[in-house]
Amino acid sequence: MNRYICIAGLTTAKAVAAISSIQIVGTGAADILKTVFKPVGRGKVDFSKGQILHGFIFDSDKDIDEVIIGCEETDSFSINCHGNPLIVENILELLAKKGAKITTPQEILVHLSGQKHGDDTIAAEADLAIAQSATLDGARIIAHQTKMGLLQTAGWWIKNLDVLELDDIKKGAERILTDSDIADLFIKGVKIVLAGPPNSGKSTLFNYLCGREKAIVTDIAGTTRDWLSAHIRLKKIQAEFFDTAGLDEVLSGQNKIDADAQVQAKELIEKADLVLYVVDCTNPAIVMAGLTESLNEIVVLNKCDLGKSTSAEGIEISAKTAQGVDKLLTAIEAKLGVSDFDMKKTVCFTLRQRKLLQQIAEAKSKQQVRELIQELLKSNIIV
Ligand SMILES: Nc1nc2c(ncn2[C@@H]2O[C@H](COP(=O)(O)OP(=O)(O)OP(=O)(O)O)[C@@H](O)[C@H]2O)c(=O)[nH]1
Ligand SMILES: [Mg+2]
């Protein structure tokens with residue numbers, strides 16, 4: 001029977017790198033390490049908190065790798081080995097053989113932040129979310145919630161529950177949810193889809209934003225079929241731009257490849273945070289069809305270097321000369337609501353928090369609100 005209840009897993013990327021880090025945490029972690037680690041030189045090994053140990057991980061009479069072990073807490077160690085997936089696998093296999101349960105980086109991180117923050121769930125969740133934030137501002141927004149923000153608002157609600165109106169708390173929860181939608185754009189990044197009729201210059205604009213000729217550009221309608229994407233840093237947020245096939249009913253009926261390309265483009269549009277509907281402004285009869293009212297959309301009038309012949313409204317640019325592109329990037333952030341977002345707003349940043357706030361926004365009694373806030377402040381983290 002397994003005597004230990006400890007877990008181990010890789011906390012760095014699963015790739016060839018200079019160093020990989022394996023974390024082993026929980027009851028029995030030190031006992032396991034004693035059986036697989038030998039120090040460089042002689043002397044007794046001291047696994048107490050704060051020690052840094054240099055030596056070898058070995059299995060029977062065979063050394064697996066030279067390592068540096070950081071003793072971070074009682075029964076919490078980081079094994080820093082060479083960044084070779086094979087070595088990592090051998091060490092994990094050995095730890096499993098000795099009784100550790102091998103698990104995901106997520107579970108390890110949950111364990112570590114739980115250890116660090118005790119029952120302060122929001123702070124523990126923040127540790128995990130900050131590590132995955134797409135931007136520094138996103139990390140800053142999350143960090144704010146652990147001292148002020150969400151922690152303070154929830155604490156204030158609980159403390160003043162008797163004198164506060166139920167409706168005011170419900171409205172407060174709704175406001176937090178709305179602000180969280182924008183905060184999410186800083187934290188997770190945004191998906192922006194370039195859509196529009198064939199030949200309007202979507203790929204030309206995409207290439208300009210990428211800074212290289214990633215997509216094929218020709219004057220043949222229907223050039224792009226498989227979509228391409230690229231991560232591009234805007235002024236405030238991180239965006240993934242998607243170049244898609246031109247939307248066109250004729251192309252759609254032409255053959256299976258074009259038909260599939262149309263389907264893919266429409267699927268991407270549905271999932272986008274923002275659609276840039278790119279049209280050729282030299283065409284007096286632009287078809288503005290294809291998109292739905294519910295979409296967050298900016299109309300881009302491209303090819304303005306050739307003169308404008310359409311009466312359609314939109315942002316005039318030339319993807320070829322870059323004229324107007326800066327204005328477009330500013331308009332994108334304004335449309336998404338991130339340009340003047342106050343980083344000190346109270347927001348939620350996990351699904352668990354969001355669900356509880358949704359329940360608070362629909363609560364029927366103060367007692368129900370009390371229970372929900374208590375759960376918000378203290379409960380197990382759900383990754
Ligand atoms: N003068 C001018 N030509 C442009 C501009 N943008 C694109 N073009 C030209 O328009 C043609 C079509 O450009 P693409 O970028 O391939 O158009 P697309 O929208 O990706 O086309 P599909 O992939 O077929 O949907 C090419 O010949 C481009 O050089 C622009 O701003 N000004
Ligand atoms: Mg294209």
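Metal and ligand sites in a predicted model

Both Ser-203 and Thr-224 are buried, in what is a predicted model.

Q: Which residues coordinate the magnesium ion (ligand 2)?
A: The donors assigned to the magnesium ion (ligand 2) are two side-chain oxygens, OG of one residue and OG1 of the other, at 2.0 to 2.1 Å. Donors are counted within 2.8 Å of the metal, and water is not among the atoms, so the site may look incomplete. With that caution, the coordinating residues are Ser-203 and Thr-224.

Q: How many residues apart are Ser-203 and Thr-224?
A: The pair that coordinates the magnesium ion (ligand 2) links distant parts of the chain, with Ser-203 in helix 8 and Thr-224 in the loop between helix 8 and strand 9 (228-233). Their separation in the chain is 21 residues.

Q: Which element gives the most to the shell around ligand 1?
A: The shell around ligand 1 holds 23 residues, of which Lys-202, Ser-203, Thr-204, Gly-222 and Asp-305 come nearest. By type, the shell divides into six nonpolar, twelve polar and five charged residues. The element that contributes most, with three residues, spans residues 202-210 and is helix 8.

Q: How much of the accessible area of ligand 1 does the protein cover?
A: Polar atoms of the protein approach ligand 1 at several places, including the side chain of Thr-204 at 2.5 Å from an oxygen atom of the ligand and the backbone of Gly-246 at 3.2 Å from an oxygen atom. A polar side-chain atom of Asn-302 lies 3.1 Å from a nitrogen atom of ligand 1. Of the 650 Å² of accessible area that ligand 1 has on its own, the protein covers 92%.

Methods
Residues numbered from 1 in each chain as written. Chains lettered and ligands numbered in written order. Predicted model: local features only at pLDDT ≥ 70, side-chain atom pairs only at ≥ 80, totals over all residues. Heavy atoms only, no water. Near = heavy atom within 4 Å. Polar contact = N/O pair within 3.5 Å; in protein donor to acceptor, adjacent residues only side chain to side chain. Areas by Shrake-Rupley, 256 points an atom, 1.4 Å probe, with all protein chains shown as cover. Helix = DSSP H or I, 4+ residues; strand = E, 2+ residues; numbered from the N terminus. Nonpolar A, V, L, I, M, F, W, Y, C, P; charged D, E, K, R; others polar. Donors = N, O, S within 2.8 Å, 3.2 Å for Na, K, Ca; no water. Buried < 20%, exposed > 50% of the residue type's maximum accessible area, 1.4 Å probe, protein only.
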